[in-house]
Structures are given as C-alpha cells and as structure tokens.
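Here is a short tour for a reader meeting this structure for the first time. Keep the sequence and the 3D view side by side while reading.

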Amino acid sequence: MERELVLTGIGGQGVQLAAQVLARAAIAEGRSAQMFGSYGGMMRGGNTEATLVIADGDIGAPPTVAETWSAIFMHHDFSESTRGKLRPGSLVLVNTTVFEGSFDPAEYRVVEVPATDLAVDLGNIMTASMIMLGAYVAVTGMVALDSLDAAVTASLPSYRSQHVARNVAAIRAGFEVAPRDLSPAWTDVLI
C-alpha cells in the first residue's frame, strides 16, 4: 500500500524540512519512502512543494504523482497545482492562520489547524510546518509520534541542533490539537 502526501507553501515555512522529517521517520519504522522537493529561486517567499510517497513495501514509481491521498496546505500562494492533485476523499490539512480560501468538506476530509498562530504561541513562527506535521500524524497514524523526535534530530544539521527541542515541541503541539485517526494510513498502526 502506498500513501502520497503533497506539502505546499512558500519558502521559509519549513515545507521541505517537514517532508524530510516524515520520510526519515517512515524509513526508521521499516517503510519505504521517496521524496521529491521543488522550490522557486527565491530564498524566502517563493513557491515550495514536497511530494512524499510512503509505502509498506517497494515503491513502484518516482514520487511525482498525478493524484494524492493527502495534502498539507501551508499557504494559498502557489497552491493551485496541489489542489489539482486532490481526489475525492483526499485528506486536506490547512494552515488556517494564513491560507485564504476553503475546501469543501463534502468532497475532502478537511482538518483546519491554525499552525502559524500556534507556532507564534510557542515562540517561533518558523515551526508552523512542524505543527502541521504533528497534526498530520495524529490524523493519519502515518508514523508513531516518537519516531518523529529522532527524525528531527537526524534531519537538522549539527550546527542547528539547538532547534531540535523547539521542533519536537511544535510537533507535539500539533498532535495535541488534531483529531485522532480521522484518516488512518495503515490498518496496523496504533498511536
């Protein structure tokens, strides 16, 4: 079984880091993962998207997908291509602090998370993507919450190790605000 996740936002929101953390956690749990990140030429504020495919066996194709099982929308700018990959019933997590627009809850499983507001409350706006990642794991059980802790440490370079605790706290804050098992990724996962 394969599960696709497309994360979209603007540069500086941590989209690529969130995808990398989830991929590392999945691999640590014995699953297969492939990730494809793309971003515009601007350091901050340009388009950024990460596509992640996680499977309980071998992955049949590269992580460029026409449709996605799930998506995380960090910002409305540049989000149309991701919106076009949603299929009926896709899981959609939306950063309601900054996302302008809406999704039809009759067509998608929608989870609204004020991620940027929660990140500010935690003391660092740059952890909004980690809040969304924690919420995603609560909703899907894609990986165990504890697996994300080690993945954060592995994903940050040593000169950024002072940010590990802050990112772990953000993941846990996101996990706490989201509904549990709304859209289970696997039948064998318990959170």
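The model shown is predicted. Its largest nonpolar core has 47 residues, and L22, Y136, M142 and L148 touch the most other members. Helix α4, residues 128-140, gives this core its largest share, 10 residues. A second, separate core has eight residues, including F73, V92, V94 and F103.

**Around L22**

What does L22 touch beyond its neighbours within four places in sequence? Its contacts are L5, L52, I54, L133, Y136, V137, M142, V143 and L148. Three of these, Y136, M142 and L148, are named with L22 among the residues that touch the most other core members. Helix α1 covers residues 15-28 and lies across β1, β2 and β3. Helix α1 runs at about 10 degrees to β3.

**The sheet**

Next comes the sheet. It is open and has six strands, in the order β2-β3-β1-β4-β5-β6, with mixed pairing. The edges are β2 (32-39) and β6 (109-113), and each pairs on one side only. On average, neighbouring strands are turned by 15 degrees against each other, direction ignored.

Strands of a sheet pair through backbone hydrogen bonds, and they may do so parallel or antiparallel. Both kinds of pairing occur in this mixed sheet. The table lists three of the pairings.

| Strands | Direction | Bridges | One residue pair |
|---|---|---|---|
| β1 (residues 2-10) and β3 (residues 47-55) | antiparallel | nine | T8 opposite E49 |
| β1 and β4 | parallel | four | L7 with I72 |
| β4 and β5 (residues 86-95) | parallel | five | A71 with V92 |

Strand β4 spans residues 68-73. Is β4 mostly covered or mostly uncovered? It is mostly covered: six of its six residues are buried.

**The loop at G46**

G46 sits in the loop between β2 and β3. Is G46 buried or exposed? Its relative accessible area is 5%, so G46 is buried. Leaving out residues up to four places away in sequence, G46 touches G9, I10, G11 and F78. G11 is 35 residues away from G46 in sequence. In space, their C-alpha atoms are 5.1 Å apart.

**Rings and charges**

The whole structure holds four aromatic pairs. One of them joins F103 and Y108. Their centres are 6.2 Å apart, and their planes meet at 80 degrees. That makes the pair edge-to-face.

Why do both of these rings belong to buried residues? The cut-off for buried is under 20% relative accessible area. F103 has 8% relative accessibility, so F103 counts as buried. Y108 has a relative accessible area of 12%, so Y108 is buried too.

The pairing goes further. Ring pairs link F73, F99, F103 and Y108 into a cluster. Two of these residues, F73 and F103, are also named in the second core.

Where do charges sit over rings? R83 lies over the face of F103, at 4.0 Å from the ring centre. The charged end of R31 sits over the ring of W186, 4.0 Å from its centre.

**Pulling it together**

F103 is worth a second look. It is part of the second core, it pairs edge-to-face with Y108, and R83 lies over its face. L22 deserves one too, with its contacts to L5, L52 and I54, among others.

Technical notes:
Residues numbered from 1 in each chain as written. Predicted model: local features only at pLDDT ≥ 70, side-chain atom pairs only at ≥ 80, totals over all residues. Heavy atoms only, no water. Pairing = 2+ DSSP bridges. Helix = DSSP H or I, 4+ residues; strand = E, 2+ residues; numbered from the N terminus. Axes fitted to C-alpha atoms, helices over the stretch in contact; angles between N-to-C directions. Contact = heavy atoms within 4.5 Å. Core = buried A, V, L, I, M, F, W, Y, C linked by side-chain atoms within 4.5 Å. Buried < 20%, exposed > 50% of the residue type's maximum accessible area, 1.4 Å probe, protein only. Phe/Tyr/Trp six-rings, centres within 6.5 Å; stacked < 30°, edge-to-face > 60°. Lys NZ or Arg CZ within 6 Å of the ring centre and 35° of its normal.
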